[in-house]
Amino acid sequence: MNPPGERDRLADALTHVDSPEEGSCELDLDQIWAAAAGELEPEALSEVLEQVRRSAACAEAYQMAIAALAEEGDAEELPSPPPLEAPANRRPWLLPAVMLGAVAAAVSIALWPASDPGYRSGSGDAVELHLPEGAPITADTVLTWAPGESGSRYAVLLSTESLTTIAREEGLTTNRLEVDPAWLEGLPAGTRLRWQVMATAPDGTRTSSAPQHLVVE
Amino acid sequence: MPPRAPAHDPPAPPEALRALQPVLRGEVSRQCPDHLRAQVDDMVQAGLLRMARAHERGQTLTKAYVKKVAWSVTVDAVRKARRTADQPTPEGPAALQSVSAGRSPEDRAAVSELRAALRECLDALTRTSRDVLTLYLLGHTIRESATRLRLTPKQGESRIYKGLDTLRDCLRNKGHQP
């Protein structure tokens with residue numbers, strides 16, 4: 001049998017990230033999840049494990065996947081999303097502002113770039129937003145952020161705290177976006193909004209900013 | 001400025017996402033390491049966006065899928081925190097310490113050395129023994145480790161225990177106490 005703590009010490013060593021090389025993982029997170037969930041054939045699993053032994057970041061993600069999976073009831077299916085309906089068919093008795101928000105959310109979330117780093121690792125440095133956290137937003141505000149590599153394109157998502165999308169702009173070629181006054185119509189002063197920027201470099205590499213808050217004035 | 005998206009573009013399921021938000025939040029909260037607790041809201045938002053895109057691609061949103069999304073945003077947050085900690089900041093060492101679980105530089109160096117030795121010792125095993133032992137060390141049970149490699153539990157147990165014996169000898173020969 002194992003001496004006390006031996007397995008923990010060895011597992012700790014496998015997952016210990018203490019250098020940039022150890023912190024890099026070339027494996028797609030989908031592969032790691034599939035391996036941890038027992039969905040891979042031995043040959044494919046062996047290839048994943050080879051990378052896991054080489055990269056502490058991969059091993060760490062694998063270990064986290066085991067912990068995440070360690071709960072019963074995984075196969076339970078959640079309630080199906082309601083049927084997709086055209087904005088015109090939405091219930092007319094809802095407040096117009098809520099209606100507009102929901103429609104904007106539907107459109108915006110659906111169209112937010114579909115291939116962000118997502119399950120891929122190595123998403124690179126985050127996009128830096130230029131407005132401070134909690135900055136006021138008015139019809140005159142210009143959203144700006146640190147430019148990425150030359151030729152980058154940007155997508156901007158502005159939403160309420162409850163994730164109702166206020167605005168989504170894609171394909172921007174400059175690192176600035178003027179606020180459209182229509183976005184703020186009907187929003188009471190003091191409303192907190194979140195905004196986030198995703199940059200796509202010419203080679204297709206995508207990076208995102210952390211979400212930040214703006215407060216409607 | 002490019003043309004704005006028309007309001008009648010294909011809708012996504014905001015109602016469904018709102019319904020799943022508590023499930024996702026629960027999963028993110030469960031999986032999130034302590035030093036990232038302040039970022040749970042951001043992680044939930046990132047997860048909701050991924051789920052919206054997945055739904056558009058036809059992905060069925062099961063509890064297992066929400067769990068996977070929570071895991072992926074947590075992994076991303078852990079890696080991002082580490083990258084941030086590696087960069088010089090006013091907090092400097094404190095930021096790094098929060099990611100390194102409060103380890104001293106000596107401890108970190110010792111673990112790194114053990115890691116290098118462990119890798120060499122694992123490489124010396126046969127492929128099946130190496131794989132089953134890796135699975136076991138990562139946190140799978142003996143049965144899980146065996147079945148993933150199409151071994152019987154008995155075969156897996158035997159390989160794991162023999163592999164551990166070999167590993168101990170190898171590590172001791174390299175000056176490490178396993």
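This is a short dialogue on reading salt bridges and one polar contact in a predicted model.

Colleague: How many salt bridges are there over all chains?

Modeller: The count comes to 18 over all chains. The idea is a distance test: a side-chain nitrogen of Lys or Arg within 4 Å of a carboxyl oxygen of Asp or Glu.

Colleague: Take A:Arg53. Which residue does A:Arg53 form a salt bridge with?

Modeller: With A:Glu50. The closest N and O atoms are 3.0 Å apart.

Colleague: Where do A:Arg53 and A:Glu50 sit along the chain?

Modeller: Both lie in helix H3, residues 42-54 of chain A. They are three residues apart, so about one helical turn separates them.

Colleague: Is A:Arg53 buried or exposed?

Modeller: Buried. Its relative accessibility is 1%, and the cut-off for buried is under 20%. A:Glu50 has a relative accessible area of 27%, so it counts as partly exposed.

Colleague: Which residues are linked with A:Glu50 and A:Arg53 in a network of salt bridges?

Modeller: A:Arg54, B:Asp123 and B:Asp131. The network thus has members from chain A and chain B.

Colleague: Now chain B. Which residue does B:Asp165 meet in a salt bridge?

Modeller: B:Arg168, at 2.7 Å from N to O. The two residues are three apart in helix H8 of chain B, so the separation is about one helical turn. B:Arg168 is buried at 10% relative accessibility. B:Asp165 is partly exposed at 44%.

Colleague: And what about B:Lys174 and B:Glu120?

Modeller: Their side chains meet in a salt bridge, 2.6 Å from N to O. This pair links distant parts of the chain, 54 residues apart. B:Lys174 is in the segment after helix H8 (153-173) of chain B. B:Glu120 is in helix H5, residues 105-123 of chain B.

Colleague: How does their accessibility read?

Modeller: B:Lys174 is partly exposed, with 37% relative accessibility. B:Glu120 is also partly exposed, at 47%. The upper cut-off matters here, because exposed means over 50%.

Colleague: One more case. What does the side chain of A:His213 make with the side chain of A:Glu133?

Modeller: A polar contact, at 2.7 Å. The salt-bridge rule takes its nitrogen from Lys or Arg, so a His side chain falls outside that rule.

Colleague: Where is A:His213 placed, and is A:His213 buried or exposed?

Modeller: A:His213 is in strand E8, residues 212-216 of chain A. At 11% relative accessibility, A:His213 counts as buried.

Terms used
Residues numbered from 1 in each chain as written. Chains lettered and ligands numbered in written order. Predicted model: local features only at pLDDT ≥ 70, side-chain atom pairs only at ≥ 80, totals over all residues. Heavy atoms only, no water. Helix = DSSP H or I, 4+ residues; strand = E, 2+ residues; numbered from the N terminus. Buried < 20%, exposed > 50% of the residue type's maximum accessible area, 1.4 Å probe, protein only. Polar contact = N/O pair within 3.5 Å; in protein donor to acceptor, adjacent residues only side chain to side chain.
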